[in-house]
Amino acid sequence: MRALVVETLAPDFAGCAVREVPTPQPGPGQVLVRVRAASVNFPDLLMTRGEYQFKPPLPFTPGLDVSGEVAALGEGATGWSVGEAVVGGARLGGFAEYAVLAAEALKPKPARLSFGEAAAYGAAYLTAYVALVRRARLEPGEWVLVHGAAGGVGLAAVDLAKALGARVIAASASDAKLAEVQRLYAPDAVVNVTGGFRERVKAITGGRGADVIYDPVGGDVFDESVRCIAFDGRLLVVGFTSGRIPTVSVNLPLIKGFSVMGVRAGEYGRQFPEKGRENAQAVWRMADEGVISPHVHAELPLDRWREAFELLAGRKVVGKAVLRPDL
């Protein structure tokens with residue numbers, strides 16, 4: 001089969017190439033999935049440089065979220081049948097024509113979602129759910145400021161926060177992207193962060209500030225966010241796409257009475273397995289019901305993996321870029 005293989009860790013994805021490799025075989029409790037779509041996530045890009053907290057041994061095939069059809073069942077992999085449309089996730093293996101996943105990691109693909117939409121859904125919406133529901137305990141009517149609102153995890157947070165009854169401020173450095181976010185999910189307000197945003201956020205919220213701030217950007221965005229968060233607010237640290245890990249003087253959380261909360265959706269599920277299952281069930285139930293829905297910016301064949309990676313790295317994506325090994 002064809003697979004995108006990371007052979008060496010290098011900048012600019014120089015260590016990656018599409019190769020012919022043996023098709024994996026499912027072991028006990030595993031399922032072989034013919035991959036129809038796999039979404040590109042920021043951790044995938046970081047892993048090609050060895051900059052993500054999970055550092056698999058070389059060589060490896062990245063790809064967290066996949067959708068496809070059951071191709072074969074390992075011993076004891078009950079509950080599935082060959083040809084069934086499924087979605088699932090693992091830390092590795094998605095950017096290939098076939099992937100092996102644990103049977104328990106699979107879910108039926110929602111009929112209302114295409115394969116591309118289903119692949120774009122899992123990690124982004126699970127991250128948003130753990131952040132907003134588990135960590136921030138978001139209440140209806142609260143103001144949520146979502147940074148990086150046009151990116152995969154940001155757009156998912158806008159969508160989910162609206163579904164949860166919050167008032168949403170979508171933030172980005174691009175007016176064009178904000179216009180697209182407004183068209184897709186109708187946030188209550190949009191803010192271009194270029195040149196600063198705290199006064200605008202305070203004005204929108206009647207001087208109070210945002211109750212919850214969802215920050216996958218870090219850097220200067222985090223620094224200014226502590227200046228426009230409400231008393232008793234929750235500042236969610238989701239990632240550092242800016243490239244700089246910020247710091248905060250602890251007198252600010254003390255004086256302003258806010259909390260800084262780390263968000264690692266996958267690790268949350270590993271630490272609290274029962275809650276992890278509840279989280280996954282909740283987000284996929286909402287997908288089944290059409291309460292929330294992902295947006296796919298582009299679907300590209302596996303051979304055009306670099307184009308998909310560069311769309312994400314260059315912040316040119318509204319929503320998700322998806323690789324289609326079946327094209």
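Let's start with the lining of the second largest pocket: Met1, Ala3, Val5, Val21, Pro24, Thr61, Leu92, Gly93, Ala96, Tyr98, Ala99 and Val100. Please keep in mind, everyone, that this is a predicted model. As for volume, the second largest pocket comes out at about 180 Å³.

Which elements give two or more residues to that lining? They are strand E1, residues 2–6, and strand E6, residues 98–102. Of the two, E6 gives the largest share of the lining, with three residues.

For those of you thinking about chemistry, how do the lining residues divide into nonpolar, polar and charged? The split is 10 nonpolar and two polar, with no charged residues in the lining of this pocket. Tyr98 and Pro24 are among the lining residues, and both count as nonpolar in this scheme, while Gly93, another lining residue, counts as polar.

Now, over to a sheet. Here we have six strands in an open arrangement, and reading across, the order is E10-E9-E8-E11-E12-E13, with parallel pairing. Where are the edges? Strand E10, at 189–192, and strand E13, at 259–262, are the edge strands, each pairing on one side only. From one strand to the next, the twist averages 20°.

Let me zoom in on one pair within that sheet. Strand E11 covers residues 210–215 and strand E12 covers residues 229–237; the two run parallel, and five bridges join them. If you'd like a spot to click on in your viewer, try Tyr214, which stands opposite Leu236 in E12.

That's the tour, thanks for listening!

Note on methods:
Residues are numbered from 1 along each chain as its sequence is written. This is a predicted model: local features need pLDDT of at least 70, side-chain atom pairs count only at pLDDT 80 or more; totals for chains, interfaces and linings use all residues. Side-chain values use heavy atoms; hydrogens and water are left out. Two strands pair if DSSP finds at least two bridges between them. Helices (H or I, at least four residues) and strands (E, at least two) are DSSP runs, numbered from the N terminus. Axes are lines fitted to C-alpha atoms, for helices over the stretch in contact, and angles run from 0 to 180 degrees between N-to-C directions. On a 1 Å grid over the protein atoms alone, a cavity is a set of points where a 1.4 Å probe fits but cannot get out, and a pocket is an open set with protein on both sides within 12 Å along at least five of seven lines; lining residues have an atom within 4 Å of a point. Grid points are joined across faces, edges and corners, and a volume is the space filled by probe spheres set on the points.
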